[in-house]
Protein chains: 2
Amino acid sequence: MATKRAQMMEENRARLIAAARKAFADQGYAAASMDELTAQAGLTRGALYHNFGDKRGLLAAVVNQIDAEMAARAQAVGARAGDGWQALLAEGAAYIEMALEPEVQRIVLLDGPAVLGDPSRWASQNSCLEVTQHTVERLIAEGVLKPVDPEAAARLINGAALNAALWVAASDEPRDVLAKAIDAFRALATGLLAKPV
Amino acid sequence: MATKRAQMMEENRARLIAAARKAFADQGYAAASMDELTAQAGLTRGALYHNFGDKRGLLAAVVNQIDAEMAARAQAVGARAGDGWQALLAEGAAYIEMALEPEVQRIVLLDGPAVLGDPSRWASQNSCLEVTQHTVERLIAEGVLKPVDPEAAARLINGAALNAALWVAASDEPRDVLAKAIDAFRALATGLLAKPV
DNA sequence: ACTAGAAACATACGCGACGTATGTCAATTC
DNA sequence: GAATTGACATACGTCGCGTATGTTTCTAGT
């Protein structure tokens with residue numbers, strides 16, 4: 001069993017993170033109580049401070065988990081698309097749609113940057129961003145995109161997408177607004193094409 | 001003098017907002033103490049809760065003030081540019097540069113959305129966004145831009161610009177990175193042109 | 001196998017901050 | 001000129017984070 005101790009610890013960490021995802025998403029980071037949160041996980045604050053150091057540490061762990069899931073989903077969507085250019089558009093649309101989920105929005109887009117600082121400074125620096133950047137790099141190498149800085153392009157693309165998602169989520173008619181947002185996103189993205197259509 | 005009372009109240013409001021701008025920018029919203037903040041302004045929490053209701057109300061007032069200043073600056077930059085298209089690019093670059101200021105970044109870009117929710121829901125709905133949207137609408141009417149949804153385009157443009165600014169500010173070599181960001185921004189923006197260059 | 005040590009977690013406490021309820025004083029109005 | 005309104009100060013209750021101390025269980029060395 002390779003240390004029953006470490007196994008229990010990993011399980012407790014997972015339960016705390018799961019409870020935190022729910023609490024942070026439902027009430028927001030500031031309003032979430034560590035006592036309630038840990039009780040929900042069947043533990044106490046002692047476990048929390050031992051595993052994550054402080055409240056911010058717990059948020060960081062939660063963000064990393066969600067970020068990894070998002071990156072995996074975006075990559076899957078991109079892989080399913082035909083050529084690289086379609087993949088980039090598909091990934092962008094995927095980000096917009098993912099950002100509609102309250103959990104992603106509240107934790108990753110609102111509280112995350114405010115509490116942890118700019119995402120580029122995060123330890124596991126934004127897997128989402130890396131996926132986009134890799135796609136951009138490949139397309140530049142293939143001559144599909146203009147030779148812009150890959151990181152800059154990836155940042156702007158993701159920034160536009162995520163901001164659009166906040167707008168869509170806050171609107172009264174998400175379906176209409178989502179269509180407009182994706183439409184405008186595709187238009188913007190064509191600005192990166194080496195040979196405009 | 002039209003009521004000395006109202007005059008004093010307006011002055012106190014201004015002093016509180018000024019102290020709050022400094023405190024929120026320096027320490028962040030969560031860490032800023034209302035006691036210190038009000039003392040800095042030569043007042044007490046009584047004045048604060050009477051004028052702004054709660055801590056969020058004070059932040060909202062601060063955000064509105066900064067937002068208005070930013071919009072005015074962007075508009076001035078845009079007016080100074082030649083044609084409408086150049087104005088749009090200039091405004092975008094102006095936003096990126098404004099977002100480099102710690103006050104704007106911390107208060108408007110990080111804490112603002114986290115505490116007050118999505119900017120589109122803010123009472124004095126984002127003057128910055130309105131300026132960009134008006135510019136876009138004019139350019140669409142003139143046939144310079146593709147007929148996309150103006151609000152969507154404005155949101156994406158601002159989102160990209162502000163996100164780029166966060167990146168620039170967090171980087172180790174802001175000058176280099178700023179150039180890359182503006183470069184990529186201009187490339188992206190050309191995607192909106194009806195007749196690509 | 002037994003003991004010693006450490007680590008994971010629980011419990012108890014202090015500190016600080018927000019929001020409210022009550023009090024006070026100045027300005028406006030009749 | 002007196003009363004009332006309202007802007008602001010003061011005092012208090014409550015809550016939540018972080019830390020310091022205690023306890024129990026698992027691992028390791030002999």
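Here's a walk through how chain A and chain B fit together in this predicted model.

Start with the two copies themselves. Turn chain A by 180°, with a shift of 0.0 Å along the axis, and it can be laid on chain B with an RMSD of 0.0 Å. That's the relation of a two-fold axis. Want to find the axis in chain A? Look for A:Gly191: its C-alpha is the nearest one to the axis in that chain, at 1.7 Å. Both copies use the same surface, too, since 100% of the contact residues of chain A recur in chain B.

Now for the meeting place. On each side 37 residues are in contact with the other chain. Together the chains bury about 3100 Å², and 66% of that is on carbon and sulfur atoms. In chain A, the residues that lose the most area to chain B are A:Leu156, A:Trp167 and A:Leu188, which together make up 23% of what that side buries.

There are also charged and polar links to look for. The rule finds 2 salt bridges across the interface. You can spot a salt bridge where the side chain of A:Asp149 meets that of B:Lys180, at 3.7 Å from N to O. On top of that, 10 residue pairs are in polar contact across the interface.

Which helices of chain A do the touching? α6 (102–116), α8 (150–170) and α9 (174–189) each supply at least two residues of the side that touches chain B. α8(A) gives the most, with 13 residues. Sort the residues of that side by type and you get 21 nonpolar, 6 polar and 10 charged.

Key. Residues numbered from 1 in each chain as written. Chains lettered and ligands numbered in written order. Predicted model: local features only at pLDDT ≥ 70, side-chain atom pairs only at ≥ 80, totals over all residues. Heavy atoms only, no water. Least-squares fit on C-alpha atoms with pLDDT ≥ 70 in both. Contact = heavy atoms within 4.5 Å. Buried area = accessible area lost by both parts, 1.4 Å probe. Salt bridge = Lys/Arg side-chain N within 4 Å of Asp/Glu carboxyl O. Polar contact = N/O pair within 3.5 Å; in protein donor to acceptor, adjacent residues only side chain to side chain. Helix = DSSP H or I, 4+ residues; strand = E, 2+ residues; numbered from the N terminus. Nonpolar A, V, L, I, M, F, W, Y, C, P; charged D, E, K, R; others polar.
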